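Trainee: Please take a close look at how the chain is tied together. Then set that part in the context of the rest of the model.

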Amino acid sequence: MTGGLFLSGAIAALFATALPAHDPSTGIVDPPPDKIVIKVATVNGSGCPQGTAAVAVSPDNTAFTVTYSDYLAQVGGNSDPTAFRRNCQLNLTVAVPGGFTYAIASADYRGFASLQPGASSTEKASYYFQGSPSTVAITHPFRGPYNDNWQATDTTEWAQLVWAPCGVQRNFNINTELRVSAGTSAPSATSFMTMDSTDGDISTIYHLAWKECPGF
């Protein structure tokens with residue numbers, strides 16, 4: 001699936017809290033003034049059927065979002081036996097201004113979970129550039145009883161940031177997974193976890209760090 005970009009006032013307001021961009025001690029610089037363009041090259045997975053994932057870039061180039069509309073894992077009751085796990089792999093093309101490279105400094109995941117007593121769930125994510133080894137997946141666990149919005153943040157230390165190769169186009173891959181376990185909960189009781197935006201809020205924000213490429 002190919003996808004375009006969308007912007008809204010709500011997105012702009014959320015991006016106002018993005019991470020600081022300029023830090024001379026680490027080589028981190030302010031975002032480039034020219035706009036970056038992100039498109040969905042391919043999307044695969046039970047958590048993101050065709051047409052249910054969209055990408056947007058912040059006005060100040062400090063972040064981008066992925067919004068899901070049908071990302072739900074569940075167990076118990078009349079749930080499909082395969083519905084306990086949902087995943088999504090996004091392959092993104094990222095066009096950045098010449099002389100700059102970027103890295104993912106942090107990622108904020110959001111959704112809603114309803115877990116019965118004895119049930120549990122996890123949110124897992126990893127990110128890597130095409131042709132590079134996959135990064136270690138970061139997992140966030142949740143346990144029932146739970147019936148509320150949830151949020152999880154992955155943060156990378158500056159020294160551990162993985163930068164896009166300079167002067168070479170490498171697509172960026174995002175792998176996410178939701179998994180729900182019934183555990184000791186009653187088989188007739190349903191537990192679920194979503195990573196979607198049915199209420200119009202943003203689900204996932206990826207904060208960018210920028211650096212100048214050598215020779216520019």
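**Ties across the chain**

Mentor: Start with Cys-166 and Cys-213, which are joined by a disulfide with an S to S distance of 2.1 Å. Cys-166 sits in the loop between strand 10 and strand 11, and Cys-213 in the segment after strand 13 (204-212), so the bond ties together parts that are 47 residues apart in sequence. The torsion about this S-S bond is about -90°, so the disulfide is left-handed. The ends differ in cover. Cys-166 is partly exposed, at 34% relative accessible area. Cys-213 is buried, at 5%. Keep in mind that this is a predicted model.

A search of the whole structure gives two disulfides. Cys-48 is joined to Cys-88, again with S to S at 2.1 Å. Cys-48 lies in the loop between strand 2 and strand 3, while Cys-88 lies in strand 6, so this bond ties together parts that are 40 residues apart in sequence. The Cys-48 to Cys-88 link is right-handed, with 100° about the S-S bond. Cys-48 is buried at 2% relative accessibility. Cys-88 is buried too, at 1%. With the bonded cysteines numbered in sequence order, the pairing reads 1-2, 3-4.

Next, the charged ties. Side chains of opposite charge can pair when their charged atoms come close. The structure holds two salt bridges. Arg-85 pairs with Glu-177, with the closest N and O atoms 2.8 Å apart. Arg-85 belongs to strand 6 (residues 85-95) and Glu-177 to strand 11 (residues 172-181), so the pair ties together parts that are 92 residues apart in sequence. Glu-177 also meets Arg-179 in a salt bridge, at 3.2 Å from N to O. Arg-85, Glu-177 and Arg-179 are thus linked in a network of salt bridges.

How covered is this network? Take the residues in turn. Glu-177 has 8% relative accessibility and counts as buried. Arg-85 is partly exposed, with a relative accessible area of 30%. Arg-179 is partly exposed as well, at 32%.

Now the sheet. Five strands form an open, antiparallel sheet in the order 2-6-11-8-9. Strand 2 (37-44) and strand 9 stand at the edges with a single partner strand each, so one side of each is left without a neighbour in the sheet. On average, neighbouring strands of this sheet are turned by 20° against each other, direction ignored. Strand 8 and strand 9 run antiparallel and are joined by six bridges. In that pairing, Lys-124 has Thr-139 in strand 9 as its bridge partner.

Thr-122 gives a view of the same region. Its place is in strand 8 (residues 120-129). Its relative accessibility is 22%, which counts as partly exposed. Beyond its neighbours within four places in sequence, Thr-122 is in contact with residues including Thr-139, Pro-141, Glu-177 and Arg-179. Its C-alpha is 4.4 Å from that of Pro-141, although the two are 19 residues apart in sequence.

Strand 5 pairs elsewhere. Strand 5 and strand 12 (residues 191-194) pair in the antiparallel sense over four bridges. Phe-192 in strand 12 is the bridge partner of Gln-74. Strand 5 (residues 72-75) has Ala-73 and Val-75 on its covered face, with Leu-72 and Gln-74 on the uncovered one.

Check the backbone in two loops. Most residues other than glycine have a negative phi, and most peptide bonds are trans. Asn-61 has a positive phi of about 65°, and it is not a glycine. It lies in the loop between strand 3 (53-57) and strand 4 (63-68). Asn-61 is buried, at 1% relative accessible area. The peptide bond from Gly-144 to Pro-145 is cis, with omega near 5°. Pro-145 is in the loop between strand 9 (138-143) and strand 10 (146-155).

Finally, the whole protein. It has one helix and 13 strands. Of its 216 residues, 46% are buried. Among contacts with a separation of 6 or more, residues 24 or more positions apart account for 81%. The accessible surface comes to about 10,300 Å², and 53% of it belongs to carbon and sulfur atoms.

Terms used:
Residues are numbered from 1 along each chain as its sequence is written. This is a predicted model: local features need pLDDT of at least 70, side-chain atom pairs count only at pLDDT 80 or more; totals for chains, interfaces and linings use all residues. Side-chain values use heavy atoms; hydrogens and water are left out. A salt bridge is a side-chain nitrogen of Lys or Arg within 4 Å of a carboxyl oxygen of Asp or Glu. Buried means under 20% relative accessible area, exposed over 50%, partly exposed in between (1.4 Å probe, protein chains only). Contact means heavy atoms within 4.5 Å. Two strands pair if DSSP finds at least two bridges between them. Axes are lines fitted to C-alpha atoms, for helices over the stretch in contact, and angles run from 0 to 180 degrees between N-to-C directions. Accessible areas come from the Shrake-Rupley method with a 1.4 Å probe; for residues, only the protein chains shown count as cover. A disulfide is a pair of cysteine sulfur atoms within 2.5 Å.
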